[in-house]
Amino acid sequence: VASISVSLAVFNLLPIPPLDGSQLLQVLLPPPVLQKYYQNARAINSIFLLFLLFTDVFTSVIYFFGSRVLDAMYLVTG
């Protein structure tokens with residue numbers, strides 16, 4: 001259950017609107033870059049999603065970050 005929850009959390013943090021990761025971009029990117037991103041968001045996100053879905057990158061990214069979060073959770077909880 002923890003593994004699935006962490007995987008979903010990592011997926012939700014991808015910088016694709018309407019996921020929560022796109023809200024992180026508002027904090028991290030300067031306003032001119034953010035405006036360009038949102039102007040081209042549909043095309044960028046379509047290409048990004050297709051790339052992730054048709055390659056092993058998607059699984060690798062989720063596994064990489066998910067395993068780090070799970071390791072930290074296990075370290076804290078013993």
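**Group meeting: aromatic pairs and helix 5**

Okay, let's start with Tyr37: it comes out as buried, because its relative accessibility is 12% and the cut-off for buried is under 20%. Keep in mind throughout that this is a predicted model.

Tyr37 has a partner. Its ring centre sits 5.4 Å from that of Tyr38, with the planes at 65 degrees, so we call the pair edge-to-face. Tyr38 itself is partly exposed, at a relative accessible area of 32%.

In case you're wondering about those two numbers, a pair of aromatic rings is described by the distance of the centres and the angle of the planes.

So how many aromatic pairs turn up in a search of the whole structure? Three. Another one of them is Phe11 with Phe58, also edge-to-face: 5.9 Å centre to centre and 80 degrees between the planes. That pair links distant parts of the chain, since Phe11 belongs to helix 1 (residues 2-12) and Phe58 to helix 5 (residues 57-77), 47 residues apart. As for exposure, Phe11 is partly exposed at 31% relative accessibility, and Phe58 is partly exposed too, with 23%.

That takes us to helix 5. We have 21 residues there, and the first C-alpha to the last spans 30 Å, close to the 30 Å you'd expect at 1.5 Å a residue. Which residues of helix 5 are buried? Ile62, Gly66, Ser67 and Leu70. Those four cover an arc of only 125 degrees around the axis, so they are on the same side of helix 5. The general picture helps here: an α-helix has 3.6 residues a turn, so residues three or four places apart point the same way.

And what do the buried residues of helix 5 pack against? Helix 1, which is also where Phe11 of the Phe11–Phe58 pair sits. Over on the other side of helix 5, Leu75 and Val76 are exposed. Right after the helix comes Gly78, with a positive phi, near 80 degrees.

Last residue for today: Arg68, also in helix 5. Is Arg68 buried or partly exposed? Partly exposed, because its relative accessibility is 45%. The Arg68 side chain makes a polar contact, at 3.1 Å, with the side chain of Ser67, and Ser67 is one of the buried residues we just went through. If you go looking for Leu13 from Arg68, the two are 55 residues apart in sequence and 14 Å apart in space, C-alpha to C-alpha.

That's it from me.

How values were computed. Residues numbered from 1 in each chain as written. Predicted model: local features only at pLDDT ≥ 70, side-chain atom pairs only at ≥ 80, totals over all residues. Heavy atoms only, no water. Phe/Tyr/Trp six-rings, centres within 6.5 Å; stacked < 30°, edge-to-face > 60°. Helix = DSSP H or I, 4+ residues; strand = E, 2+ residues; numbered from the N terminus. Buried < 20%, exposed > 50% of the residue type's maximum accessible area, 1.4 Å probe, protein only. Expected span 1.5 Å × (residues − 1). Arc of directions from axis to C-beta. Contact = heavy atoms within 4.5 Å. Polar contact = N/O pair within 3.5 Å; in protein donor to acceptor, adjacent residues only side chain to side chain.
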